[in-house]
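Subject: A structure to look through together

Dear colleague,

I am handing over the structure below, and I would be glad if you read the notes underneath with the structure open beside them. Please take your time with each part before going on to the next.

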Amino acid sequence: MTQPQIQIPLDLPNVQVEHCEQTPQGLVITVVSTSQTAVCRRCGRTIDKFHGYDKEITLRHLPIFDRPVWIRIKPKRFQCPHCHKGPTTTQRCEWYDPKSPHTKAYEHWILRELVNSTLSDVSLKRDLTVACIEGIIDRHVQRQVDWSTVPNLELLGIDEIALKKGHKDFVVIISGVTVKREKFILAVLPDRKKETVKSFLETLPPDQREQVRQVCIDMNEGYRNAVQETLPNVPIVVDRFHVAKHYRDCADKARKAEMKRLKTTLSEHDYAQLKGAMWAFRKPWIALSEEQQGVLLQLFQHAPTLKEVYIQREVLTGIFESRINKAQAEQALMQWLERITALGLNCFAAFATTWGHWRDPIINYFVRRETSGFVEGLNNKIKVIKRRCYGIYNLGRLFQHIWLDIQGRRVLFADH
Ligand SMILES: [Zn+2]
């Protein structure tokens with residue numbers, strides 16, 4: 001019985017199909033170039049004196065019905081009548097790069113596969129070696145920023161990621177976002193030192209320096225100094241999630257101390273009733289089930305201070321959630337600090353100290369809070385990248401992978 005047949009266009013410009021063959025390795029399509037010229041490698045003139053064929057090459061192409069496809073071609077050679085001794089030049093076709101064993105369409109497909117994925121994953125699924133995939137990445141993705149491809153940025157972000165779980169081995173990620181909210185990876189730096197960050201910021205082209213409206217950082221004195229010394233007029237803003245982590249840690253410490261106390265003062269039965277209190281304490285009241293609220297209320301009965309700590313922590317989050325301007329935020333935060341002092345909630349003392357050092361960057365958040373999507377979105381993205389990039393210690397490679405996830409997503413999928 002014959003199988004139903006279909007015809008699909010090959011979609012490679014200026015070629016004619018000579019032959020099509022099923023082999024154990026897949027479908028081999030032999031083509032010839034229909035273009036009758038080449039550009040002389042010496043003088044650059046267009047030449048059309050045919051001089052025979054090069055050795056046959058076989059390039060991997062996009063699979064069809066989950067079967068490998070290979071394009072086989074004998075590149076044409078042309079001779080230059082203008083240059084001394086008539087040198088010959090191999091014709092270049094736009095659909096493959098002579099340095100690559102794949103067609104360009106195939107390589108772009110693999111790059112799209114790499115977005116939000118890992119080398120080993122794509123290697124497994126596409127039956128390519130890791131070295132082969134790295135070759136593809138190197139042919140298409142730079143290892144550092146190409147400023148000519150970056151439109152004017154209005155926000156810069158400085159983030160750090162630990163390269164190994166639990167290790168103190170940090171790299172710094174510098175990113176940017178345009179007015180249109182398009183994100184760009186700008187650098188992966190080897191350490192968190194002020195001089196390292198400063199050296200990079202000094203490479204910002206002058207027009208970029210003029211356009212930047214804010215730099216988002218976490219509470220790192222080195223970053224702050226690096227920004228102040230290179231971009232003295234640009235306001236620094238501390239990501240509200242770093243601020244939140246700070247005061248939430250204060251509240252958590254108080255909870256731990258109280259739990260420790262209760263373990264020795266409560267009966268075993270009463271203490272057992274507090275099971276799950278840690279998770280309940282970390283969540284806002286409305287996010288808790290009735291049962292969790294019950295556990296929390298029991299905890300508060302035994303440790304009334306924790307009730308105040310919990311309430312004040314949520315009040316502080318509420319300030320960051322509310323649509324107020326910078327001056328209103330400053331006032332609200334100062335009132336909050338007065339209140340915790342009056343209530344004697346010493347657990348927040350560390351946050352009060354932080355406020356002393358970082359007041360301006362903290363309240364700068366309220367200037368353009370409509371842009372918080374940038375910080376949140378990027379932080380989430382970097383968290384995901386971090387999970388996937390454990391094991392990549394080469395900064396250039398790390399840059400390429402983040403590029404694929406951030407810029408590549410736009411560039412590679414633009415026509416899809
Ligand atoms: Zn020539």
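**The three-stranded sheet**

Three strands make up an open sheet in the order E5-E8-E9, and the pairing in it is antiparallel. The edge strands are strand E5 (49-53) and E9, each of which pairs on one side only. Neighbouring strands of this sheet are turned against each other by 35° on average, when direction is ignored. Please keep in mind throughout that this is a predicted model. Between E5 and E8 the antiparallel pairing runs over three bridges, and if you want a place to find it by eye, look for Phe-50, whose bridge partner in E8 is Phe-78.

**The zinc site**

Which residues are the protein donors of the zinc ion? They are Cys-40, Cys-43, Cys-80 and Cys-83, each through its SG atom, and they lie 2.3 Å from the ion. The angles among the four donor atoms are 104 to 112°, and the site is tetrahedral. As a point of reference, the ideal angle for four tetrahedral donors is 109.5 degrees.

Along the sequence, the donor residues follow the spacing C-x2-C-x36-C-x2-C. Cys-43 and Cys-80 link distant parts of the chain, being 37 residues apart: Cys-43 sits in the loop between strand E3 (38-39) and strand E4 (46-47), whereas Cys-80 sits in the loop between strand E8 (76-79) and strand E9 (88-90). Is each of these two buried or partly exposed? Cys-43 counts as partly exposed because its relative accessibility is 30%, while Cys-80, at 2% relative accessibility, counts as buried.

**Cysteines and disulfides**

How many disulfides does the structure hold? The number is zero. Cys-20, for example, is in no disulfide, and the nearest cysteine sulfur, which belongs to Cys-93, is 18 Å away. Since a disulfide requires two cysteine sulfur atoms within 2.5 Å, that distance does not qualify. Cys-20 is partly exposed, with a relative accessible area of 47%. Cys-93 is likewise in no disulfide, with the sulfur of Cys-40 as the nearest cysteine sulfur to its own, 17 Å away; Cys-93 counts as buried, at 12% relative accessibility.

**The five-stranded sheet**

A further open sheet is formed by five strands in the order E12-E11-E10-E13-E14, and here the pairing is mixed. Strand E12 (183-189) and strand E14 (236-238) stand at the edges, and because each has a single partner strand, one side of each is left without a neighbour in the sheet. From one strand to the next, the twist averages 25°.

The mixed pairing can be followed strand by strand. Strand E10 (residues 153-162) pairs with strand E11 (residues 170-178) in the antiparallel sense over nine bridges, whereas E10 and E13 pair in the parallel sense over three bridges. Leu-156 is a useful residue to look at here, as its bridge partner in E11 is Gly-176 and its bridge partner in E13 is Val-215. E13 and E14 also run parallel, joined by three bridges, and Cys-216 stands opposite Val-237 in E14.

Strand E13 (residues 214-217) is covered on both faces, with Gln-214 and Cys-216 on one side and Val-215 and Ile-217 on the other, all of them buried.

**A helix across the sheet**

Helix H15 (residues 395-412) lies across E11 and E12, and it runs at about 175° to E12. Asp-405 is found in this helix, H15, and it is buried, because its relative accessible area is 1%. Leaving aside residues up to four places away in sequence, Asp-405 touches Leu-114, Val-115, Asn-116, Lys-381, Ile-385 and Arg-388.

**Two residues before the first listed strand**

Most residues other than glycine have a negative phi. Asp-11, although not a glycine, has a positive phi of about 65°; Asp-11 lies in the segment before strand E1 (15-23) and counts as exposed, at 71% relative accessibility. Asn-14, again not a glycine, has a positive phi of about 55°. Asn-14 is also placed in the segment before E1, but counts as partly exposed, at 45% relative accessibility.

With kind regards

Conventions: Residues numbered from 1 in each chain as written. Predicted model: local features only at pLDDT ≥ 70, side-chain atom pairs only at ≥ 80, totals over all residues. Heavy atoms only, no water. Donors = N, O, S within 2.8 Å, 3.2 Å for Na, K, Ca; no water. Tetrahedral: all angles 85-135°; square planar, octahedral: opposite > 155°, others 65-115°. Helix = DSSP H or I, 4+ residues; strand = E, 2+ residues; numbered from the N terminus. Buried < 20%, exposed > 50% of the residue type's maximum accessible area, 1.4 Å probe, protein only. Pairing = 2+ DSSP bridges. Axes fitted to C-alpha atoms, helices over the stretch in contact; angles between N-to-C directions. Contact = heavy atoms within 4.5 Å.
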